Amino acid sequence: MKSTAIASQKELKNLHLDNLDWKSNLEFIESEVKFINQLLNSYVFEPTTPNLFERLQEYKITMKTLEKDISKLHQEIRKHENELGGMLECDTISCDNYYYKDHLILQQDFDEFYQRFKKLKSEVFNYAGGILKKNKKDC
């Protein structure tokens, strides 16, 4: 019975480390979102670019949705982290499985969110890089 408790503590530690990793990644993503929003709201784009306003508005709307997703993930991660303590009190496999299932669902949600974020960031940077004003500097 002692070896089961030790295994559970190791497993719980790994689940906790996942939570810390998700939180850290979300904080970094939040700083990237802030930068992207500043870029989208800046006046560095060529005003003659076709469909500039419409495209920027689409990105801004998508960024708002992304910010809501970040907030939701923060809440889910906090809730999950608070619930992990209950895993130590589990005395059945079905109880343990509940926490593992919950953890795997959150892992999947985070992974899907992160893939969407990377795709959006890439699209915005590719779009912005192609139409930024060309500031010539005299040397």
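Q: Which residues does His 74 touch, not counting residues up to four places away in sequence?

A: In this predicted model, His 74 touches Leu 26 and Glu 30 when residues up to four places away in sequence are not counted. His 74 is itself found in helix α2.

Q: Is His 74 buried or exposed?

A: The reading rests on relative accessible area, where buried means under 20%. His 74 has 14% relative accessibility, so it counts as buried. His 74 is one of the buried residues of α2, which also include Leu 73, Ile 77 and His 80.

Q: How many helices and strands does the chain have, and in what order do the elements run?

A: The chain has 3 helices and 0 strands. From the N terminus on, its elements run α-α-α. Helix α1 covers residues 2-40 and helix α3 covers residues 93-131, while helix α2 covers residues 52-84.

Q: What span should helix α2 have, and how far apart are its end C-alpha atoms?

A: The idea is to count a rise of 1.5 Å a residue and to compare the expected span with the distance between the ends. Helix α2 has 33 residues and should therefore span 48 Å; its end C-alpha atoms lie 47 Å apart, which agrees. For α3, with 39 residues, the expected span is 57 Å, and the end C-alpha atoms are 57 Å apart, which also agrees.

Q: Which residues of α3 are buried?

A: A general point about helices helps here. An α-helix has 3.6 residues a turn, so residues three or four places apart point the same way. In α3 the buried residues are Asp 96, Tyr 99, His 103, Leu 106, Phe 110, Phe 113, Phe 117, Leu 120, Val 124, Tyr 127, Ala 128 and Ile 131. For the chain as a whole, buried residues make up 30% of the 139 residues.

Q: Which residues does Asn 19 touch, not counting residues up to four places away in sequence?

A: Asn 19 is placed in helix α1. Leaving out residues up to four places away in sequence, Asn 19 touches Ile 77, His 80, Glu 81, Leu 84, His 103 and Leu 106. Of these partners, Ile 77, His 80, Glu 81 and Leu 84 are among the buried residues of α2, and His 103 and Leu 106 are among those of α3. Asn 19 counts as buried because its relative accessibility is 0%.

Q: Is Asn 82 buried or exposed?

A: Asn 82, which lies in helix α2, counts as exposed because its relative accessibility is 65%. The C-alpha atoms of Asn 82 and His 16 are separated by 9.9 Å, although these residues are 66 residues apart along the chain.

Q: What share of the contacts joins residues at least 24 apart?

A: Among contacts between residues at least 6 apart in sequence, 83% join residues at least 24 apart.

Q: How many aromatic pairs are found, and how is the pair of Phe 35 and Phe 125 described?

A: A pair of aromatic rings is described by the distance of the centres and the angle of the planes. A search of the whole structure finds 7 aromatic pairs. In one of them, the ring centres of Phe 35 and Phe 125 are 6.3 Å apart and the planes stand at 80 degrees, so the pair is edge-to-face. This pair links distant parts of the chain, with Phe 35 in helix α1 and Phe 125 in helix α3, 90 residues apart. Phe 35 is partly exposed at 47% relative accessibility, and Phe 125 is partly exposed at 36%.

Q: How is the pair of Phe 110 and Tyr 114 described?

A: The ring centres of Phe 110 and Tyr 114 are 6.2 Å apart and their planes are at 10 degrees, so this pair is stacked. Because they are 4 residues apart in helix α3, about one helical turn separates them. Phe 110 is buried, at 5%, whereas Tyr 114 is partly exposed, at 31%. Both belong to one aromatic cluster with Trp 22, Phe 113 and Phe 117.

Q: What is the volume of the second largest pocket, and which helix gives the most to its lining?

A: The second largest pocket has a volume of about 160 Å³. Helix α2 gives the most to its lining, with 5 residues. The lining residues include Leu 40, Tyr 43, Phe 45, Leu 52, Phe 53, Leu 56 and Lys 60.

Definitions and conventions. Residues numbered from 1 in each chain as written. Predicted model: local features only at pLDDT ≥ 70, side-chain atom pairs only at ≥ 80, totals over all residues. Heavy atoms only, no water. Phe/Tyr/Trp six-rings, centres within 6.5 Å; stacked < 30°, edge-to-face > 60°. Helix = DSSP H or I, 4+ residues; strand = E, 2+ residues; numbered from the N terminus. Buried < 20%, exposed > 50% of the residue type's maximum accessible area, 1.4 Å probe, protein only. Contact = heavy atoms within 4.5 Å. Expected span 1.5 Å × (residues − 1). 1 Å grid on protein atoms, 1.4 Å probe; cavity = no way out; pocket = protein on both sides within 12 Å on 5 of 7 lines; lining within 4 Å. Points joined across faces, edges and corners; volume = space filled by probe spheres on them.
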